Amino acid sequence: MQTKIWTGLLAGAALLATGAAVAPVAGAADVPVGPRDAYTRTELFFGTERPDGGAAVTAQEFEAFLDAEVTSRFPEGLTVEEGRGQYRDRFGVIERERSYHVVLLYPRGAARSSDVKIEEIRRRYDAAFQQEAVGRVDDSVRVAF
């Protein structure tokens with residue numbers, strides 16, 4: 001199911017990139033598009049396996065970390081998804097693990113203060129759970145709520 005969704009999204013993106021005509025969605029003209037504000041979208045990737053082979057970070061431990069360190073810094077809201085990830089560790093070994101994907105949206109005007117908060121979250125997770133790193137991706141987006 002997820003593969004079909006991604007395939008459909010990629011196909012739609014390819015059509016738009018080539019300038020091909022896309023048929024409007026029924027009723028789409030009836031939905032007004034309001035103003036959208038400039039925001040930054042930050043995605044964080046939290047692994048759960050410990051490099052020393054110790055017990056993986058549990059769901060309860062991650063929830064507690066999320067409440068204490070992330071929600072406290074971004075109380076306006078966030079999105080959390082549980083998934084499976086993989087990466088090449090510092091020894092060249094492909095590691096596969098349960099992971100958490102956290103998405104934060106914040107006004108671009110708050111980027112500097114948000115950056116400080118995000119880097120503190122990353123540092124604290126690394127220290128608390130002996131992680132090599134917490135992945136981070138930032139992107140400029142337009143948002144309407």
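This is a short walk through one protein chain, from its confidence to its strands, core and largest pocket.

Okay, so first thing to keep in mind: this is a predicted model. The chain averages a pLDDT of 83, and 77% of the residues score at least 70. Where does confidence sit lowest, and where highest? The low end is helix α1, residues 2–18, with a mean of 38, and the high end is helix α2, residues 59–71, at 98. And the weak stretch runs past that helix: pLDDT stays under 50 over residues 1–25. For those residues the model has three contacts beyond four places in sequence, and I'll leave them there.

On to the strands. β1 and β3 run antiparallel, with nine bridges joining them. If you want a spot to look at, Thr40 has Tyr106 in β3 as its bridge partner. On the β2 side, strand β2 covers residues 79–88 and also runs antiparallel to β3, this time with 10 bridges. There, Arg88 pairs with Ile94 of β3. Between β2 and β3 you have a hairpin with five residues between the strands, and in that hairpin Gly92 takes a positive phi near 85 degrees.

Now the core. The largest nonpolar core has 17 residues, and the ones with the most contacts inside it are Leu44, Phe46, Phe62, Val102, Leu104 and Tyr125. Which elements feed it with two or more residues? That would be β1 (37–47), α2, β3 (94–107) and α3 (111–129). Take Phe62 as a way in: setting aside its neighbours within four places in sequence, Phe62 touches Phe46, Val57, Val80, Tyr100, Val102 and Tyr125.

Last stop, the largest pocket. About 400 Å³ of space lies in there. It has 20 lining residues, and closest to its centre are Phe45, Phe46, Gly47, Glu97 and Ser99. β1, β2 and β3 each put in at least two residues of that lining, with β2 giving the most, at seven.

Let me finish on Ser99, which lies in strand β3. Is Ser99 buried or exposed? Buried: the cut-off is under 20% relative accessible area, and Ser99 comes in at 14%, so it counts. Who is around Ser99, leaving aside its neighbours within four places in sequence? Its contacts there are Phe46, Gly47 and Thr48, plus Glu81, Glu82, Gly83, Arg84 and Gly85. Notice Phe46 turning up again: Phe46 is listed among the residues with the most contacts inside the core, and Phe46 is also one of those closest to the pocket centre.

Notes
Residues numbered from 1 in each chain as written. Predicted model: local features only at pLDDT ≥ 70, side-chain atom pairs only at ≥ 80, totals over all residues. Heavy atoms only, no water. pLDDT = per-residue confidence, 0-100. Helix = DSSP H or I, 4+ residues; strand = E, 2+ residues; numbered from the N terminus. Contact = heavy atoms within 4.5 Å. Core = buried A, V, L, I, M, F, W, Y, C linked by side-chain atoms within 4.5 Å. Buried < 20%, exposed > 50% of the residue type's maximum accessible area, 1.4 Å probe, protein only. Pairing = 2+ DSSP bridges. 1 Å grid on protein atoms, 1.4 Å probe; cavity = no way out; pocket = protein on both sides within 12 Å on 5 of 7 lines; lining within 4 Å. Points joined across faces, edges and corners; volume = space filled by probe spheres on them.
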